[in-house]
Amino acid sequence: MQASKKRLVVAITGASGAVYGVRILQVLSTLDDWESHLVFSSSGALTAAHELGMRRPDIEKLADVVHNVRDIGASIASGSFQCDGMVIAPCSMRTLAAVAHGMADNLVTRAADVMLKERRRLVMLARETPFNLAHLRNMTAVTELGAIVLPPMPAFYNHPETVDDIVNHTVGRALDLFDVKHTGLVTRWQGLKASPAFAERDIDMIRE
């Protein structure tokens, strides 16, 4: 790679959970060896304003480079643009469907299509509940194409105490998939022996 920094494309679409994309940008902004490229749909901007009280400029200033979602001539629309992958956080069902069916009709879906054709890592935080059959089939389709579907489902083995704990864990696990070195986001599983809730005799009883 010609650039001295690793590059990650971050897309924020209109599903609930704008905090995931914002938190990823916040983490990347603290890392000297990563460069973030943001593409932000209009629906994503509306959701972020509603859920976080953040205006588009507040979020865009967290990124190193910002691309207009309508600019299909942007650098990230080409496979010749060297980067380490793309994360769509959150990923709306509309965006999921477009990627699953190769409909590169805006810069989010075009950049995602580029990741798939270039065999680069594409992580999609698909946010909807419950899933209908179309959602499930589209998740299967993008997985078969090479993407990783990572619904932002909370983990509880790490004993989260706040919403931030839940968000950080999901963000950390997503960044793990790009080998982003981070600290303080994820409580790594050390096995039941390391859990304060279990004594050795309790584990022995479970084994029996």
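Trainee: Buried means under 20% relative accessible area, exposed over 50% and partly exposed in between, with a 1.4 Å probe and protein chains only; how many of the seven residues of S1 are buried?

Mentor: Six are, so S1 is largely enclosed by the rest of the structure. Strands (E, at least two residues) and helices (H or I, at least four) are DSSP runs, numbered from the N terminus. This is a predicted model, in which local features need pLDDT of at least 70 and side-chain atom pairs 80 or more, while totals for chains, interfaces and linings use all residues. Residues are numbered from 1 along each chain as its sequence is written, and side-chain values use heavy atoms, without hydrogens or water.

Trainee: Which strands pair with S1?

Mentor: S2 pairs with S1 in the parallel sense over seven bridges, and S4 runs parallel to S1 through three bridges; pairing requires at least two DSSP bridges. Leu8 has Ser36 of S2 as its bridge partner, whereas Val10 stands opposite Val87 in S4.

Trainee: Turning to the interior, how many residues has the largest nonpolar core?

Mentor: It has 33 residues, and those with the most contacts inside it are Leu28, Ile59, Val87 and Leu175. Such a core is a set of buried Ala, Val, Leu, Ile, Met, Phe, Trp, Tyr and Cys residues joined through side-chain atoms within 4.5 Å.

Trainee: Which element gives the largest share of this core?

Mentor: H1 does, with eight residues.

Trainee: And what does Ile59 touch?

Mentor: Leaving aside residues up to four places away in sequence, Ile59 touches Ile12, Val22, Leu25, Leu38, Phe40, Ala48 and Met54; contact means heavy atoms within 4.5 Å.
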